[in-house]
Protein chains: 2
Amino acid sequence: MSTSASGRPQRVDARHNRGRILDVAEEVFGKGGRSASTEEVARLAEVGIATVFRHFPTKAALVEAVLVRRFDRLREHAEGLLGSADAGAAFFDFFSHLVADAATKIAIGEALHDLTGDTDGDAATASLGLRRAFGALLRRAQEAGAVRDDAELPEVYALLVATSRAASQPHVDAEVRARMLAIVFDGLAPR
Amino acid sequence: MSTSASGRPQRVDARHNRGRILDVAEEVFGKGGRSASTEEVARLAEVGIATVFRHFPTKAALVEAVLVRRFDRLREHAEGLLGSADAGAAFFDFFSHLVADAATKIAIGEALHDLTGDTDGDAATASLGLRRAFGALLRRAQEAGAVRDDAELPEVYALLVATSRAASQPHVDAEVRARMLAIVFDGLAPR
């Protein structure tokens, strides 16, 4: 294997560059920079534009990769909570975490939607994985008696998405978000 | 006053045309036809394009007028319910009505956002009027003991907007919408 100027194997450099590009792209598109260019991402990541295009042939591919990584991390977070002793706390904490984190994810999703109209790419698959992991957390919380039995995943997931979107609105600050979630969580409590 | 070919006074015709154009525009933009043109609205309303431009100099002015009329109607509906004997039913029925109605309103709002980036035009003022009327319904329901005392307008309105947006998603059908609202309404019930 040849080595680069830094003395690291090229393959390690490539992996490092890919991660660095994704970090920068997540930051740029997460801040609502829908119109940001791939050139700008390359500049901020301090790599050449050719390097970006080698990893991500189009801007859509780049934005999708950012979104997939984000969904995958959230799914892993949810799966990690499946083993926790307090299934109710695991469910409600994860719900709150996701809603607090939503503003960024929604901005990236909108950037992707602008580019592709999305719906069935890798990001949709990753989003489905997250939904499944969330469903498993819900079932465990119901089995533990922390969430009402008659709540099903479609409406609970709809509420998760709904409150996430609401939380990304500029006039919904952390306090309003917490009080909004308190109402939803009371509604999810066993009758 | 001169009369038109139909024998009606021209001012009555003008009012009639304005309403007709708004009806058609509401239908077209409410179905998510963000890219629909003013020409298309004129054709469907069976009026000349000059007539449309006389009433609405720009497409943005037309879309905004549609949205203002919609917000005003919802506000009038809410104000009409302020006199009803069952303040709890009035609040929850209006909440459900608005969420069921949301898909159309959101599509129109997005069409306006595309054109103007909105935020402080007539539509925003009309939207504020609706929020105030909804706040009055909430207070009455709280005074009647049908809604918990500690819920404040910012979070309840955030939930109204959130569930409205969720209800406009294609995978959220009427049944899921009803179950989603049942959870929120239980959360809003007095402790």
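The centres of domain 1 and domain 2 of chain A, taken over C-alpha atoms, lie 28 Å apart. Keep in mind that this is a predicted model. The domain assignment puts residues 1–57 of chain A in domain 1 and residues 60–188 in domain 2.

How much area is buried between these two domains of chain A? About 1200 Å², with 65% of that coming from carbon and sulfur atoms. On the domain 1 side, A:E26, A:F29 and A:R34 supply 51% of the area buried against domain 2, more than any other three residues. As for contacts, 15 residues of domain 1 of chain A meet 15 residues of domain 2 of chain A.

Now the charged and polar pairs. There are three salt bridges between domain 1 and domain 2 of chain A. A:E26 comes up again here: its side chain forms a salt bridge with that of A:R69, at 2.9 Å from N to O. Three residue pairs are in polar contact across this domain interface, both residues being at pLDDT 80 or more. Helix 1 (10–30) and helix 2 (38–45) of chain A each give at least two residues to the side of domain 1 that touches domain 2. Helix 1 of chain A has the largest share of that side, with nine residues. By type, that side of domain 1 of chain A has seven nonpolar, four polar and four charged residues.

Next, the two chains. Chain A and chain B each bring 23 residues to the contact. The area buried between chain A and chain B is about 1900 Å², and carbon and sulfur atoms give 69% of it. In chain A, the residues that lose the most area to chain B are A:E155, A:R179 and A:I183, together 30% of what that side buries.

Eight salt bridges are counted between chain A and chain B. One of the residues just named, A:R179, has its side chain in a salt bridge with that of B:E152, 3.7 Å from N to O. Helix 8 (153–167) and helix 9 (174–188) of chain A each supply at least two residues of the side that touches chain B. That side of chain A divides into 14 nonpolar, two polar and seven charged residues.

Last, one residue in chain B. B:F71 sits in helix 4 of chain B, residues 59–81. Is B:F71 buried or exposed? B:F71 counts as buried because its relative accessible area is 11%, under the 20% cut-off. Apart from neighbours within four places in sequence, B:F71 is in contact with B:K105, B:A123, B:A126, B:S127 and B:L130.

Conventions. Residues numbered from 1 in each chain as written. Chains lettered and ligands numbered in written order. Predicted model: local features only at pLDDT ≥ 70, side-chain atom pairs only at ≥ 80, totals over all residues. Heavy atoms only, no water. Domains from an automatic or database assignment. Contact = heavy atoms within 4.5 Å. Buried area = accessible area lost by both parts, 1.4 Å probe. Salt bridge = Lys/Arg side-chain N within 4 Å of Asp/Glu carboxyl O. Polar contact = N/O pair within 3.5 Å; in protein donor to acceptor, adjacent residues only side chain to side chain. Helix = DSSP H or I, 4+ residues; strand = E, 2+ residues; numbered from the N terminus. Nonpolar A, V, L, I, M, F, W, Y, C, P; charged D, E, K, R; others polar. Buried < 20%, exposed > 50% of the residue type's maximum accessible area, 1.4 Å probe, protein only.
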